[in-house]
Each structure stands twice: as C-alpha cells, then as structure tokens.
Amino acid sequence: MEAKNVKGTRDILPNETGGFLRMESLLNTIAELFGYHEIRTPILEHSEVFSRGVGEGSDIVRKEMYTFLDKASRSVTMRPEFTAGIIRSFVQNKMYATEDLPVKLFYKGPTFRYERPQLGRYRQFSQFGVENIGSSSPYNDAEVISLAYSMLTSLGLTDVKLKINCLGDQETRDNYRNALKAYFEPHLESMCSDCKERFVLNPLRILDCKVEEDHKLALGAPKIKDYLSDASKDRFEKVKEALRINNIEFVEDDQLVRGLDYYSEVVFEFSYTSKKGVDYGALGGGGHYGNLVKELGGPDLPGVGFSFGEERLYDVLVDDGLLVSKVPNIDIFVLPLGEENKGYALSVANRLRMYGFVTDMCAEDIKLGSMIKRALKKGAVFAVIIGENEVRNNKVIVKNLKENKQEEVNTSELINYFKALYGQGGGCSCGGSCCEGCEECNDKGDKE
Ligand code: HAM
C-alpha cells in the first residue's frame, strides 16, 4: 500500500517551512508591538465549547467538526477555530479577575474543519490570530482591525481589500431576525435543505448560502443597517472614523455576516487577489463578540479578534514573490575521505555547528567529486576536506567552492578562520580575550 495524506490536509515541505517561519515571526513581532501576548490552548476541547461558543446554527458546528467520543465516552472536538477555546481558557483561568482589561492574546496553530477541499480550503489548516477581551470600547475594535491591516501591509500585501459590516447589538439582531423570517418564509419550500435548517436555527446564516437561487433571493432581503439601534449605529460610526483617521481603506458590505454565531456589532474580512490573478478566498476575518464570554460561563464582557489562514497567506506571498520557497543553503560541507576519518570529521562538523555555522557532513561512501557536487547543490560556499594526513597533522583542507581555491588550516584555528571570512574578525563577541570557545557567553559569532 502506498500511504497517502488524508484528503484536505497538506504537507508543508522543507522548502516551505522557512517561509512559514519567517511569516509567523513577523506576525509575532507585530502582535507584540501592539501589546499582545501569546497563548497556547489545546487542540482538543469539550465539544460544547464550540457548540455553545461558535453556535448550533453555524455550518461549522452543524457539519464540519471533527468530533468523537474519547475512551470515557466524553464528546471532544478538534478545534475548528481558536476563539471559543481561548475564551474558555480566559474564563477558566479567571484572567478577567487577575489582569487589567482588556486582555490581549495572540495565537497560532492547526485547526480542523470537514469542508469540501478546494483551492485555499483544507480540512487541516493553520490560523494566526488575536483576541482582545474585556473592554467594550469601539476603539479596541478599530485597533484590532488596524493590527490585522498592519500585519498584511508589513508582509508586503499593500492592495488588500477590507470589507466591514455591523451586525448590531442583541436588540438589533432580534428585530433583524424577525424581518428575515418574514422575508424568507414565503420562499421556504423552494430553498435548499441547509437554508430550511438555517431558517429555524439562525436565519442570518441564509445570507451566506452559496446556492445560486438562494443567494439571489438573499440579495433582496432586508438589510441589517436599517435595523441598527442608535447605540450600534453610533459605535459603528466611531470604528469607521478611527479607520479613516488611520488611513485604512474599507468598503461597507451589508451581505457580510460571517459564518460564526458569536458575532455582534462590527465584523470584517480581508481579501486579496495575488498578482497571478489567484483568489484563495478570504485571507482572514473577525469581529466583535458581545456574549461569548458569558455564554462560556464568564462575566458579561465583550471581546474582539480576528484570524488569518496561514496557508492562504503563505500562498499569496509566494505568488507575489514576497516570500521565497526554497530549502535554506548551508554554509559549510564537511567531506571525510575514508571510513576511518568520519568520526573525527563529525567532531569538526559539530564544533562548527556549535559556533553558529550551518554545517552538513557527507557520511556516504562516494567519490570526492560527487561530494563536491552535493555541497554545491546544498548551496555550500566552503568544503572542509579531512583525510588521513589531515587527521594525523591536526589540519584540514578548506576549499572555497565558488572561487575553486583551497588552503590548509590548523584544526584549532578553523573557527577563527571562518569567523574572519564571515566578517566577524574572530575572537569572542563577549568582548573577552577568549578565542574559539567562550563557555561564559556561549559565543556563536555574529551569525546568530
Ligand atoms: P473564519 O473566517 O472562520 O474566522 O476563519 C479565519 C480564516 O481562516 C479565514 O479567513 C481563512 O483565511 C482561514 N480558513 C478558514 N477555513 C479554512 C479552510 N478550510 N482552509 C484554509 N483556510 C481556512 C474564525 O475562525 C474566527 N475565529 C476569527 C475570529 C477571531 N473572530 C474573532 N476572533
């Protein structure tokens, strides 16, 4: 049997992981610049965290969750998104009592949804996101949107489209739900079976329907902006004004309802078409949630957040040439000549590694010419050749593969030799008089 990956999953290969790490590192840095701290919550949660949090009416809970009974017959779910689990942790750890509000958290990791796989849509994908929990100020909503925007522009995506909408407060949504029911009821018979369920569970979800006839019908449905309470209107205006002051362009889209039931007030989504003309779907989205903390057993506190889909983000960055997809080069390739010299060669390679030089070693029994070819393929600039004579005389041969020159170097001088070549001038960066090894500062040279 040829083993294959599970449908809808994706291997991130070594030529991609470097790009993913660079992307995540930039997102981390910007989240920290905005005063957010990383939280790591489990992939597995009790299923009710999502059924209560994300909502029984959402497609995610109705159809897409990886839910199973554990060996003690408890229903557990592999997170389909982060927000509900983060709020569970916020409540369980009583962060509302021990920290100043709002609590600002960021996160990243795998999420799971049993969706129909297609371009940019997986069953296992990674999200990077933030939650700002515990303050009702609309300026936190604006800050979260501007954080997402800063992340995208810092990655080099200058032409992202930001759509926003306001779903209003509880009163707004109660009135709007009734209006939608009155509008859709006469058409219910001809609508898809999903929409029939949505009609009962949460008619707002009908506005998301992708079935053509239902979508057409939804375009003529009452608009939520006509049902906003004065408080919601005022709040939404403040968010929009703050975005304008911060030069963040947006369009208002009254069809944008988002697929999770916990949203209230402002919701938003970022989309982008890569320079190759590929649209991978929304790069990220989020919004304000008024009742989620309470729904999961905490005090009456709101929150706001967003998540990006990391695979989609990575793919547009590669398409646009903003991230390079390749296995990183090595600096030095150690080439032992003969089986008996391989142990010694390994000790030389390990020493170079300790000092921060990316070093590989060829342990295979192949000819020197083939070893050099391998070194070049790995992007190595130098080969360190070690044969019987070199071991006996405590020397190595350093070959510059680009210039095709070589010279003998005393093994004890090798670290300083490379430090000088890499522009570090040798010696130890702690400023002390030690040469190669500094136990005290664990000097690895300027390459770190
Ligand atoms: P979401 O819109 O369901 O929101 O997901 C956020 C992002 O995850 C999407 O915009 C997309 O980039 C990515 N994504 C979603 N599903 C898939 C998939 N099947 N394959 C690949 N990427 C996908 C949330 O998850 C909310 N928790 C966001 C949030 C945080 N709201 C408030 N706080």
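Visitor: How far is a nitrogen atom of the ligand from an N or O atom in the side chain of Glu115?

Guide: In this predicted model, the separation between a nitrogen atom of the ligand and an N or O atom in the side chain of Glu115 is 2.7 Å. A pair of N or O atoms is read as a polar contact when the two lie within 3.5 Å. Glu81 offers a similar case: an N or O atom of the Glu81 side chain is 2.6 Å from a nitrogen atom of the ligand.

Visitor: Which residue places a backbone N or O atom 3.1 Å from an oxygen atom of the ligand?

Guide: That residue is Leu283, whose backbone N or O atom lies 3.1 Å from the ligand oxygen.

Visitor: How many residues surround the ligand, and which are the closest?

Guide: The ligand is surrounded by 27 residues, and the closest are Glu81, Glu115, Tyr122, Tyr263 and Ala282. Glu81 also appears in the environment of Val54, whose contacts beyond four places in sequence are Val49, Ile60, Val61, Glu81, Ala84, Leu260, Asp261 and Tyr262.

Visitor: Which residues touch the most other members of the largest nonpolar core?

Guide: A nonpolar core is read as a set of buried nonpolar residues joined through side-chain atoms within 4.5 Å. The largest one here has 46 residues, and Val54, Ile87, Phe90, Ile133, Phe184 and Leu207 touch the most other members. Elements that each supply at least two residues of this core include α2 (47-53), α3 (59-64), α7 (170-184) and α8 (193-201). The element that gives the most is α4, with five residues. Another core, of 42 residues, lies apart from this one and has Ala148, Met151, Ile164 and Val266 among its members.

Visitor: Why is α4 described as largely enclosed by the rest of the structure?

Guide: A residue counts as buried when its relative accessible area is under 20%. Nine of the 10 residues of α4 are buried, so this helix is largely enclosed by the rest of the structure. The buried residues are Thr83, Ala84, Gly85, Ile86, Ile87, Arg88, Ser89, Phe90 and Val91. After the helix comes Lys94, which has a positive phi near 50°.

Visitor: What covers the buried residues of α12?

Guide: The cover includes α1 (14-33), β5, β6 (124-133), α6 (138-154) and β11 (303-309). Helix α12 spans residues 310-319, and because nine of its 10 residues are buried, the rest of the structure largely encloses it. Among the buried residues are Glu310, Arg312, Tyr314 and Asp319. Gly321 follows α12 and has a positive phi, near 70°.

Visitor: Where are the buried residues of α13 placed around the axis?

Guide: The buried residues of α13 are Lys342, Ala345, Val348, Ala349 and Leu352. They cover an arc of only 115° around the axis, and therefore lie on the same side of α13. Elements that cover these residues include β12 (332-336), β13 (359-361), β14 (382-386) and α16 (414-421). The helix itself, residues 342-354, has 13 residues and reaches 18 Å from its first C-alpha to its last, close to the 18 Å expected at 1.5 Å a residue. Just after α13, Gly356 adopts a positive phi of about 90°.

Visitor: Is Ser264 buried or exposed?

Guide: Ser264 counts as buried, at 4% relative accessibility. Its place is in strand β9 (residues 264-271). A polar atom of the Ser264 side chain lies 2.9 Å from the backbone nitrogen of Gly290. Beyond four places in sequence, Ser264 touches Leu167, Gly168, Arg173, His288, Tyr289 and Gly290.

Visitor: What is the relative accessible area of Gln124?

Guide: Gln124 has a relative accessible area of 33% and is partly exposed. This residue lies in strand β6. Leaving aside neighbours within four places in sequence, Gln124 is in contact with Gly8, Thr9, Pro110, Thr111, Phe112 and Glu311. The C-alpha atoms of Gln124 and Ser370 are separated by 40 Å, with their positions 246 residues apart along the chain as the sequence separation.

Visitor: With which residues is Ser150 in contact, leaving aside neighbours within four places in sequence?

Guide: Ser150 is in contact with Ile30 and Phe34. Ser150 belongs to helix α6 and counts as partly exposed, at 22% relative accessibility. Ser150 and Leu313 are 163 residues apart in sequence and 14 Å apart in space, C-alpha to C-alpha.

Note on methods. Residues are numbered from 1 along each chain as its sequence is written. This is a predicted model: local features need pLDDT of at least 70, side-chain atom pairs count only at pLDDT 80 or more; totals for chains, interfaces and linings use all residues. Side-chain values use heavy atoms; hydrogens and water are left out. Helices (H or I, at least four residues) and strands (E, at least two) are DSSP runs, numbered from the N terminus. The expected span of a helix is 1.5 Å times one less than its number of residues. Buried means under 20% relative accessible area, exposed over 50%, partly exposed in between (1.4 Å probe, protein chains only). The arc is that of the directions from the helix axis to the C-beta atoms. Contact means heavy atoms within 4.5 Å. A residue is near a molecule or strand if one of its heavy atoms lies within 4 Å of it. A polar contact is a pair of N or O atoms within 3.5 Å; within protein, one must be able to donate a hydrogen and the other to accept it, and residues adjacent in sequence count only if both atoms are side-chain atoms.
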